[in-house]
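Here are a few short exercises, each with a worked solution. Grab a pencil and have a look at the model first.

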Amino acid sequence: MLDVWWQGVRQDVQNQIVLTPRWQHWVESHLLPLMDWEQQVSRTRCPRRKAKLFAALEAVQAAFEAHPLTVHLPPEVLEGWKVWAAEHAKTFQRASSAVEGRNGYLSQMHHNHRGLPKRRYKVWSALHNFDCHASDGTTPAARFFRRGFPDLFETVLAHIEDLPRPRQRNQAMTLSG
């Protein structure tokens, strides 16, 4: 899932502007990690864990601020990049949340050491990603890929052939029985 997220981020950047390898490295190695660490720190409640995350954030922030590209960007342009990166960091967190729907249940099953049949994982993944609607009407897949998908139920129905007819019972047997 992480590879798909990175692919989406790279595609979104390329749709807006063609970046040189140096700029792309800055986005991937400095800007996105900074925004991700900021979100992690703000979401964590455990004081001990928050302190560790904050130390990591400070190190990432120092590297970000010392980078030559960061230093030479005008403040309004830098702020625009930060808003863009924060949006993408939220997308990844939201799509991979361990407490949202199917993932929360699978996590609980894993911790209870019960496990599930392998085929059920695929079915639940499809149901969760393409058929669970949030209050705004979007699905996790629509939020992650930033595009709509056809209705899952209608798509499945369209691929089902006519069901076989029930077998015909012998008329003589039903009258004698």
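**Exercise 1.** Is E87 buried, exposed or partly exposed? Then work out which residue its side chain meets in a salt bridge.

*Solution.* Start with the cut-offs: buried means under 20% relative accessible area, exposed over 50%, and partly exposed in between (1.4 Å probe, protein chains only). E87 has 41% relative accessibility, so it counts as partly exposed. Next, the partner: the side chain of E87 meets that of R146 at 4.0 Å, N to O. (A salt bridge puts a side-chain nitrogen of Lys or Arg within 4 Å of a carboxyl oxygen of Asp or Glu.) R146 is also at 41%, so partly exposed. Last, place them: E87 is in helix α5, R146 is in the loop between α8 and α9, and they're 59 residues apart. Helices here are DSSP runs (H or I, at least four residues), numbered from the N terminus.

A quick note: this is a predicted model, where local features need pLDDT of at least 70, side-chain atom pairs need 80 or more, and totals for chains, interfaces and linings use all residues. Residues are numbered from 1 along each chain as its sequence is written, and side-chain values use heavy atoms, leaving out hydrogens and water.

**Exercise 2.** Which helix gives the largest share of the largest nonpolar core?

*Solution.* Such a core is a set of buried Ala, Val, Leu, Ile, Met, Phe, Trp, Tyr and Cys residues joined through side-chain atoms within 4.5 Å. The largest one has 20 residues, with W26 and W81 among those with the most contacts inside it. Helices α2, α3 and α5 each supply at least two residues, and the largest share, 7 residues, comes from α2.
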